[in-house]
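Let's take a walk through this structure together, starting with its aromatic rings and moving on to its open and enclosed spaces. Keep the viewer at hand as you read.

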Amino acid sequence: MSIIYPQAPKKGDTVAIVANSSFIPENRVDDCVKAVENLGFKAKVFENVATNCGGFMAGSPELRAKLFNEAFADPEIKCIWSIRGGDGGTQILDKIDWDLVKKNPKPFIGYSDVTCFNVMLNQYCNQVALHGPMVYSNVVDDFDDETRESFFQALNATESYEFKNPKGEEIKVLKEGCASGQLVGGNLCLMAACLKTPYEIDTDGKILFIEEVGGDVGGFEREFMNLKLAGKLENIKALVLGQFTRISNDKAPEYSCVDAIADDIKDMDIPVIYNVQSGHGNPMMTIPLGANCTIDTKNRSMVFNI
């Protein structure tokens, strides 16, 4: 079965600004609306985006799930754009009407805590989700030209989309080779958190993409090994390593996240690329999760077939 690449919104279409995880400051809501409108869209901001519930949730789990369902059910809304990540997304996974979502495919944009929704959109709803910039996190204050160009290229792709790093940042090779398959993944700790649940990621025969932010290399390695011990690396066709942002190693600064992964996958004979600039850094380039992808380390290329 071919995966659906939802049609991009046109200028003047309604784009929903949603907070399915954490909230933003109330005094920045209008800035988020203006940022979306300045791109040529009509913005519909959901009422919970500035609701502080428990210090980390944008409203109760029931409210966030209700609004998630409404965004997909509303025929006026042509695209759903996460305002930010944060925490709390996994609370609403079992409250979302995934059959309703599946019947109403729309571009859905976000990363970080949004990973849990991207996985379900790929696996259950059979649609591409854009691992791309979020309204409050990336667009309001610093929507740089390269982040913007990558975002719109992925959003509007109709035949093929070649991922490009920002100028001066080369895609690097850890293990040589060429592979094709559906690219899935996202934030490492979210994928690890959903293991052994109905919402865990299916990596069998696919290309796995990983990014992460915060903490230390030891904790990062533990989460990565969780995936390996759970069998999530056994049958992957390739591994794509994104941005690993603000992850420290005070006792051995020369030993990075990439070094830790290299040690953990010594026994694996698959193509592995790294320094792919998608994640919590800036610029932040967009990846269409769920799309079919070809990795070629000789050309240092990653091409998506739409």
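This is a predicted model, and in it there are 11 aromatic pairs. Start with Phe68 and Phe108, whose ring centres are 5.8 Å apart. Their planes meet at 55°, so this pair counts as tilted, given that stacked pairs need planes under 30 degrees apart and edge-to-face pairs over 60. The contact joins distant parts of the chain: Phe68 belongs to helix 2 (residues 61-73) and Phe108 to strand 6 (residues 108-109), 40 residues apart. Phe68 and Phe108 are both buried.

A second pair to bring into view is Tyr161 with Phe304. Here the ring centres are 6.0 Å apart and the planes are at 25°, so the pair is stacked. This pair also links distant parts of the chain, with Tyr161 in strand 8 and Phe304 in strand 16 (residues 301-305), 143 residues apart. Both Tyr161 and Phe304 are buried.

Now go back to Phe68 and Phe108, and widen the selection. Ring pairs connect them with Phe72, Trp98 and Phe117 in a cluster. Elsewhere, a charge meets a ring: Lys102 lies over the face of Tyr124, at 5.5 Å from the ring centre.

With the rings in place, let's turn to the pockets. The largest pocket has a volume of about 310 Å³. Which residues lie nearest its centre? They are Tyr111, Tyr136, Ser137, Asn138 and His280, out of 20 residues in the lining. Helix 5 (residues 135-139) supplies the largest share of that lining, with 4 residues. Sorted by class, the lining of the largest pocket has 10 polar residues, along with 5 nonpolar and 5 charged ones.

The second largest pocket has a volume of about 170 Å³, and here we meet Tyr161 again, since the lining of this pocket includes that residue. The other lining residues are Glu146, Glu149, Ser150, Gln153, Glu162, Lys164, Asn165, Lys167 and Met285. Helix 6 (145-155) and strand 8 (160-162) each contribute at least two residues, and helix 6 has the largest share, 4 residues. In this lining, 5 residues are charged, 3 polar and 2 nonpolar.

Finally, look for enclosed space. How many cavities of 30 Å³ or more does the structure hold? There are 2. The largest cavity has a volume of about 40 Å³, and its lining is made up of Thr115, Cys116, Val119, Leu190, Met191, Cys194, Tyr199, Glu200 and Ile201. Two or more of these residues come from each of helix 4 (115-123) and helix 7 (188-193). Helix 4 gives the most, with 3 residues. By class, this lining divides into 7 nonpolar residues, 1 polar and 1 charged.

The second largest cavity also holds about 40 Å³ of space. Around it you will find Tyr5, Pro6, Pro107, Val128, Leu130 and Leu155. What classes of residue make up the lining of the second largest cavity? It has 6 nonpolar residues, with no polar and no charged ones.

Terms used: Residues are numbered from 1 along each chain as its sequence is written. This is a predicted model: local features need pLDDT of at least 70, side-chain atom pairs count only at pLDDT 80 or more; totals for chains, interfaces and linings use all residues. Side-chain values use heavy atoms; hydrogens and water are left out. On a 1 Å grid over the protein atoms alone, a cavity is a set of points where a 1.4 Å probe fits but cannot get out, and a pocket is an open set with protein on both sides within 12 Å along at least five of seven lines; lining residues have an atom within 4 Å of a point. Grid points are joined across faces, edges and corners, and a volume is the space filled by probe spheres set on the points. Ala, Val, Leu, Ile, Met, Phe, Trp, Tyr, Cys and Pro count as nonpolar, Asp, Glu, Lys and Arg as charged, and the others, Gly among them, as polar. Rings of Phe, Tyr and Trp (its six-membered ring) pair if their centres lie within 6.5 Å; planes under 30 degrees apart count as stacked, over 60 as edge-to-face and the rest as tilted. Buried means under 20% relative accessible area, exposed over 50%, partly exposed in between (1.4 Å probe, protein chains only). A charge sits over a ring if NZ of Lys or CZ of Arg is within 6 Å of the ring centre and within 35 degrees of the ring normal.
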